[in-house]
Amino acid sequence: MAVEIRTLDPDDLDQLADLGAHSFGGPRPEMVLEQRPIPPEEAVAAYDGDRLVGHVAAHRFRQWFGGRAVPCGGVAGVMVMPDQRGSGLAARMMAAMTEAMRERGDVVSALYPTTASLYRSVGYEVAGWWGRRAVDVAELAPPAGDVTWRRVEAGAPEVAAVYERCARGRDGWVVPTAPWWVSWAVGLDRGTNWVWIGDRERTDTRMPVSEPVAVVAYGHAKGERRLNDLDAQLIAGVDGPALAEALAFLGSNGTTADRVRTTLPGPVLARHVAQASRLPTLEDWPWMLRLIDLPGAIAARGWPAGLTLEVTLRVSAPARVPDDPAAGDWTLRVAGGGATCEPAPSGESGAVEVAVGDLAALYSGHLDPAALVDEGRLRGATPEVVSGLRAAFAGSPTLPIFF
């Protein structure tokens with residue numbers, strides 16, 4: 001009997017837990033909790049008869065590029081039973097999930113790969129890095145004193161609200177949905193963790209009004225010396241001073257903690273540390289991006305207001321998706337802070353050739369087009385076109401949330 005790809009049956013969550021254990025080396029409680037962030041009807045599943053042998057789902061995120069938040073499917077929970085691996089099942093499920101994301105309006109998709117070659121074959125490419133870094137508490141500045149702190153539950157609405165304001169405009173950062181935050185809070189509550197909100201008084205109102213401007217969520221972890229490390233699952237501030245206060249709040253634990261571990265990207269963290277060279281990376285992981293709806297992704301992204309550019313792109317399909325809708329000849333036009341991508345006459349001369357995955361890495365701002373030219377992966381691009389593409393897709397994407 002052929003393996004069937006269809007929607008996950010809600011009655012099969014026990015099977016899903018077993019699949020998670022086989023795939024990730026241990027139970028995945030978020031797969032079976034009532035607070036599951038992705039409803040079963042939005043998950044793609046593979047069945048061998050009545051036996052669940054594969055699964056993939058996608059969060060409904062928004063992801064920032066060029067100063068605008070773009071509809072993004074955050075792929076997670078890609079799992080295949082051991083006896084089905086190597087059969088091409090993962091690629092089949094990804095194709096079904098991509099179509100589902102396209103139909104619901106996602107224009108890009110992001111994921112953290114366990115097997116980058118698989119995801120490259122279906123159109124994804126590395127677009128940035130997630131990392132965990134350590135900073136000595138002694139390197140953190142003392143608090144300025146204009147933020148007051150209060151402890152809250154992990155599921156407090158201020159947590160998501162502060163993070164969303166912090167994420168605004170930062171290339172690559174995703175804005176999760178409310179169900180994702182519920183699942184995050186449940187996971188945080190399984191360990192010994194604390195969540196604190198920092199409030200700051202507004203000065204632009206007649207009456208004193210305090211508003212939440214910073215959040216930290218952290219627990220303790222064994223350090224390299226006798227002291228503990230503070231393992232921060234979240235550090236966010238709505239602006240630079242608020243983020244500095246969040247770091248200072250953790251730094252005030254200097255008598256009982258050695259370091260703060262954080263997923264704040266290096267370029268962000270370095271702005272708040274006296275000695276930026278003292279930020280060792282404890283672990284890192286690439287994240288990948290795919291263009292699901294090329295015209296939609298181009299229209300949704302932000303663009304430089306002063307740039308005018310027109311270039312014909314000949315986009316090649318990924319290896320396992322020969323009929324990818326993004327493949328073909330396209331005219332990219334950038335003007336007045338916006339852009340369009342429309343079908344161009346097939347075979348038009350002067351087209352710049354690029355693979356759909358490499359175009360995704362350009363879209364994010366992760367790859368310099370000149371580097372692609374050097375690699376022979378951006379063929380036909382003149383120096384003027386390279387300069388225009390560099391200006392159009394300028395960015396420095398990071399992604400501090402692992403999903």
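Which strand holds V209? V209 sits in strand 10, residues 209-222. The model is predicted. The protein has 11 helices and 18 strands. Its radius of gyration is 23 Å, close to the 22 Å from the globule rule for 403 residues, so the protein is as compact as a globular protein of that length.

**Overall build**

- Along the principal axes, the C-alpha trace of the protein spans about 65 × 55 × 45 Å.
- Buried residues account for 52% of the 403 residues.
- Contacts reach far along the chain: of those between residues at least 6 apart in sequence, 72% join residues at least 24 apart.

**V209 and its surroundings**

- V209 has a relative accessibility of 34%. This value makes V209 partly exposed, because that class lies between the buried limit of 20% and the exposed limit of 50%.
- Neighbours within four places in sequence aside, V209 is in contact with R200, E201 and R202.
- W196 is 13 residues from V209 in sequence. In space, the C-alpha atoms of V209 and W196 are 19 Å apart.

**Strand 4 and its partners**

- Strand 4 covers residues 68-80 and is mostly covered, with 10 of its 13 residues buried.
- On one side of the pairing list is strand 3, residues 51-65. Strands 3 and 4 pair in the antiparallel sense, over 11 bridges.
- Within this pairing, H55 stands opposite M79 of strand 4.
- Strand 3 and strand 4 form a hairpin with two residues between the strands. In that hairpin, G66 takes a positive phi near 65 degrees.
- Strand 4 also pairs with strand 5, residues 108-111. These two strands run parallel and are joined by three bridges.
- G74 faces this partner, standing opposite A110 in strand 5.
- Helix 2, residues 89-104, completes a right-handed β-α-β unit with strand 4 and strand 5.

**Cysteines**

- How many disulfides does the structure hold? The count is zero.
- C72 is in no disulfide. The nearest cysteine sulfur to that of C72 belongs to C166, 18 Å away.
- C166 is likewise in no disulfide, and its nearest cysteine sulfur is that of C72, at 18 Å.
- The cut-off for a disulfide is 2.5 Å between sulfur atoms, so a separation of 18 Å rules out a C72 to C166 bond here.
- C72 has a relative accessible area of 0% and is therefore buried.
- C166 is buried too, with a relative accessible area of 3%.

**Salt bridges**

- The structure holds 25 salt bridges.
- Side chains of opposite charge can pair when their charged atoms come close.
- One of the pairs is E42 with R104, whose closest N and O atoms are 3.5 Å apart.
- E42 lies in the loop between helix 1 (13-24) and strand 2 (44-48), while R104 lies in helix 2, so this bridge ties together parts that are 62 residues apart in sequence.
- E42 is partly exposed, because its relative accessibility is 24%.
- A second pair is D229 with R259, with an N to O distance of 2.8 Å.
- D229 belongs to strand 11 (residues 228-237) and R259 to strand 12 (residues 257-262), so the pair links parts that are 30 residues apart in sequence.
- Are D229 and R259 buried or exposed? Both D229 and R259 are buried.
- R333 and E342 make another salt bridge, at 3.2 Å from N to O.
- R333 counts as partly exposed because its relative accessibility is 34%.
- E342 also counts as partly exposed, with a relative accessibility of 39%.
- Salt bridges that share partners join E42, R60, R104 and D106 into one network.

Note on methods:
Residues are numbered from 1 along each chain as its sequence is written. This is a predicted model: local features need pLDDT of at least 70, side-chain atom pairs count only at pLDDT 80 or more; totals for chains, interfaces and linings use all residues. Side-chain values use heavy atoms; hydrogens and water are left out. Buried means under 20% relative accessible area, exposed over 50%, partly exposed in between (1.4 Å probe, protein chains only). Helices (H or I, at least four residues) and strands (E, at least two) are DSSP runs, numbered from the N terminus. Two strands pair if DSSP finds at least two bridges between them. A crossover is right-handed if, with the strands pointing away from the viewer, the path from the first strand over the helix to the second runs clockwise. A salt bridge is a side-chain nitrogen of Lys or Arg within 4 Å of a carboxyl oxygen of Asp or Glu. The radius of gyration is taken over C-alpha atoms; the globule rule is 2.2 Å times the number of residues to the power 0.38. Contact means heavy atoms within 4.5 Å.
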